[in-house]
Every structure is written in C-alpha cells, then in structure tokens.
Number of protein chains: 2
Amino acid sequence: MTPTIVLVMPQMGENIGMAARAMGNFDFTDLRLVAPRDGWPNPNAVGAAADSPVLKNVQVFETLHAALHDQRYVYGTSVRQRHMQKAVMTPGSFVADAQVHQDVAVVFGGERAGLSNGDLSYCNAIIEIPTSDQLPSINLAQTVFAICYTWRGHMDAKVERPDSIDPPAAKNELQGLFDHLESALGVSGFFYPAHKKKVMAENIRHSLQRANFTTQEVRTWRGIVEALAKKPHIKRGCQSP
Amino acid sequence: MTPTIVLVMPQMGENIGMAARAMGNFDFTDLRLVAPRDGWPNPNAVGAAADSPVLKNVQVFETLHAALHDQRYVYGTSVRQRHMQKAVMTPGSFVADAQVHQDVAVVFGGERAGLSNGDLSYCNAIIEIPTSDQLPSINLAQTVFAICYTWRGHMDAKVERPDSIDPPAAKNELQGLFDHLESALGVSGFFYPAHKKKVMAENIRHSLQRANFTTQEVRTWRGIVEALAKKPHIKRGCQSP
C-alpha cells in the first residue's frame, strides 16, 4: 500500500500535474489537494500529468485536517529542520519507518513557503531531503518525486509490521480530541493573551501528535478533558471512604 | 566531483531550467546541452531554474560526441532496457559504479523519445530507473533529479578508487579511433549495403565502448587500423624465419 500524498495550497497547476505523473511512475494512487490556489480541475495540471491515472482520482479538501481525516500516521516534508520535538528523517529512513504504520500520508507545502508550523502540528514526523546550502529549495513536484521514487527503490528491503500493536487513531478522531480540548481550554481562559491562542494550540497539537494515541487512548483522553472541564476538583481527602 | 549532465536535444525550456535547479539542489555544476530545440539562452529555462547557479555555466554543443569530448566514462539513461550488450543498472548501482571512474557524464534524451540507439552507442553503460508498468515514462527534469538526488544520497557510502589503474581515454580520443576506423572500413567496402552503414557503425562503437580503452590502448588501436588499412595481408607462413 503506497502512502497518500497531500499538497497543501499548491499554486501551479503544472506542479500538481507533474506530481501526479511522478506518483503514477511509482504506483502511488491517492492524491489530495488542500485549497489549491487556482481551483480544481486545472487544465495546466492535465497538460503536465502525461495521462497519469492519479489525476482522475484527485480529492480536494478545504483544510489539511479534513484531508487527513482517515489517515493514521502523517509525515510532513521540510527542507530545513524546524527545531521541534519530532523525529526528522531522510526519505530513506522515512520509507523504513513507515513500514510499521498503516494509512500513511505525506504532506507537502505550497511553492512559496512550504508547510507552516500549523500544518506541521498535524504531522507525526518530518522528512527532510538533504540539499545544497547554495540552493536548498526543491521544486514541489521534485519533492513529491523524491518521496515516491525513494519509496519504490526501498521496497525490496521490507520491514515486518508487528500485528499485535494497536494502530494509532485516525486523524479525525485525534482532531475531535484537539477540538474538544481547545474548546475546553478556551472556556477555561487558558489561551491568554488571546493573540497567542493559535501558537499555543499548535504547540499542544505538536505534543499530542508525538504520543501517537490509539483509538482507545483518544477516547480515554476525551474523557479526561470532559472530566476536567465539567467537574470542579474535589479534594480526595474529603471524600468518605 | 559530481558528474557532468548532458541533455540531448531537449525540447522544453522549463525542463532544462528544472534540471538546472535539481542539479543545484545537489551540488552538481556542469550542464551541457546538445542542440536544444528552442536555442540558447531560453527565457523559459531561466524562469524554472529558481536562480540555480548551474544555469550561468551551461555549455551548448551541436553533437553528443562534441559534448562528451573531455569525458572518460559515460552513462546513458533509459526507461526500458534496450537489449544491448552493456551493463544496465539502477541509479543506486550507478552511483557505486561511478566511483571508480573519472570525468563521468550522464546523458539524457529529449522529451519525446529519449536517447536513440546512436546516442547510446557513445555510452559505456545504461542507467534504468524502475517505474510502473502503467506509467513508465518519467519527465526529463525528474529523471535528472533522480540521478542527482541519488548521487547525493549515496555519497556517505564511498568506494575507494584504485589509483593504480590507468583512466580510460577521453571520448574525443576514442572518437578519433572511431572516425579512423569507419573511414578505413568505408574505403574497404565493409559497409554493404550502403544504407546499413549507420547501424553497422553504431554497433562497432557499442562494442568498443565496452572495452573502455585507455589512451595508450586507443593509440595502439589506431596503429592497428592504420596497419590493417595500409598493408595488404601477408601470409605469415610465407615469411622467411
């Protein structure tokens, strides 16, 4: 099963088409677009896709969160490490790492600025392609190519996936927890000052992504949030035994 | 030292520019064009190159032979194996193989049809990128990307180059031998019927490329051609001891 490819706010139809062609070259099938600048469908993409079968099944979403709703393990791509507490790996290491996960997605930022810190807060780990200091920025379609090409090249050296481990929750389950938590924190006055709310919420998502919760753990954590938000704390020492 | 990249009759300036960008991403420096369709310089290439320093030093040649004049070991790229008696390798194997050679060039065909059999007759070995049966054809700039990216990725696992082995001759020395040989064969009536001359000459070049002659061996072989062409055969048995 090849990973899902997600392009966040791609600008040039040509790059979307070339990405679709690169995916087709290496038997990738699932391409998702988040808010493409020029809408969808895009005739420039068709011209560049060289009849790639991937183009027929493109799905378009308004948000990255929506695009990832059914994915369980998400890698973000970045040319330069962001100094965050997430694993940063080469494409080769990504391929090995991804073998132990299900429903894997790889997320790519737009041509101008790549993935934002907010986008990366939806990712479990970061893939970084080592490049020249003189010209570090890789074309979007080339970056997609690098991932698909490397995936294909490494498929000979398969890693066994342990069946006994519960898979992580789907991203929409996790988002339900985030929404729940952020709402509860908003009510509680946690986000202060107000203009820092976005960054504070991102940092929370970052930290929880790393935990890689299972479905059951998400349920547990929603219960925890629910409990904390609804009930005032009761000093346990005061309860009768 | 990164390999020289040679594009034979490239059509789209955008692809030349993206190839130059991919080269810059991985510290490749030497880009050569053989008879680019739209001439040179090409504004579409500039737009796609994202200020790659490679673009400033592009050299343009009329023939592949001229573009390879100072190169000593040449790889051709091909999506599908051509059933010829040359080594066919993946990009990863190419990188390992190339470490034992000097003045290495990688040659790429145009967008429409790739390298001709005539082009491949100038090559020592073939690089083939494994692709999907559904969509085997890779975009030109993506193919250049694959080579440069793989080169960079494999540089950690260096192979020692033996100093004691003489390097192969430069390609213009080899071409001098070919020209000499073909001329001599033309005079001899070897190319019969005449319309098969091109294919026959290519087959000869193919076979000699594999021999990977040193400069001294080229000299020796020119002497052999010279000797064969000039002198009638003398039955050795008739010579006095």
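This passage describes a predicted model of a two-chain complex, from confidence and fold to symmetry, one pocket and one loop residue.

A look at confidence helps before anything else. The predictor assigns the complex an ipTM of 0.73 and a pTM of 0.76. In chain A the pLDDT averages 86, and 88% of the residues score at least 70. Over residues 156-162 of chain A, however, the pLDDT is below 50, and this stretch has 9 contacts in the model beyond near neighbours in sequence. Residues 233-241 of chain A also stay under 50 in pLDDT, and here the model has 2 contacts beyond four places in sequence. Where pLDDT is low, the predicted coordinates should not be read in detail.

Turning to the fold, chain A contains 9 helices and 7 strands. Of its 241 residues, 49% are buried. Among the contacts in chain A with a separation of 6 or more, 85% join residues 24 or more positions apart.

The two chains are pleasantly simple to relate. A turn of 180 degrees with a shift of 0.1 Å along the axis lays chain B on chain A, with an RMSD of 0.1 Å. That is the relation of a two-fold axis. The C-alpha of chain B nearest the axis belongs to Q142(B), at 3.2 Å from it. Both copies use the same surface, as 100% of the contact residues of chain B recur in chain A.

The second largest pocket may be of interest to anyone preparing a calculation. Its volume is about 630 Å³. Its lining comprises 24 residues, of which Y149(A), T150(A), H154(A), T150(B) and H154(B) are the closest to the pocket centre. The elements giving two or more residues to this lining are α4 (91-98) and α6 (140-154) of chain A, together with α4 (91-98) and α6 (140-154) of chain B. By residue class, the lining of the second largest pocket divides into 10 nonpolar, 10 polar and 4 charged residues.

Finally, a single serine in chain B deserves a closer view. S52(B) sits in the loop between α2 (43-48) and β3 (59-61) of chain B. Is this loop residue, S52(B), buried or exposed? Its relative accessible area is 3%, so S52(B) counts as buried, the cut-off being under 20%. Leaving aside residues up to four places away in sequence, S52(B) touches A20(B), R21(B) and G24(B), as well as L135(A) from the other chain.

Notes: Residues are numbered from 1 along each chain as its sequence is written. Chains are lettered from A and ligands numbered from 1 in the order in which they are written. This is a predicted model: local features need pLDDT of at least 70, side-chain atom pairs count only at pLDDT 80 or more; totals for chains, interfaces and linings use all residues. Side-chain values use heavy atoms; hydrogens and water are left out. Copies are superposed by least squares on the C-alpha atoms of residues with pLDDT of at least 70 in both. Contact means heavy atoms within 4.5 Å. pLDDT is the predictor's confidence in each residue, from 0 to 100. On a 1 Å grid over the protein atoms alone, a cavity is a set of points where a 1.4 Å probe fits but cannot get out, and a pocket is an open set with protein on both sides within 12 Å along at least five of seven lines; lining residues have an atom within 4 Å of a point. Grid points are joined across faces, edges and corners, and a volume is the space filled by probe spheres set on the points. Helices (H or I, at least four residues) and strands (E, at least two) are DSSP runs, numbered from the N terminus. Ala, Val, Leu, Ile, Met, Phe, Trp, Tyr, Cys and Pro count as nonpolar, Asp, Glu, Lys and Arg as charged, and the others, Gly among them, as polar. Buried means under 20% relative accessible area, exposed over 50%, partly exposed in between (1.4 Å probe, protein chains only).
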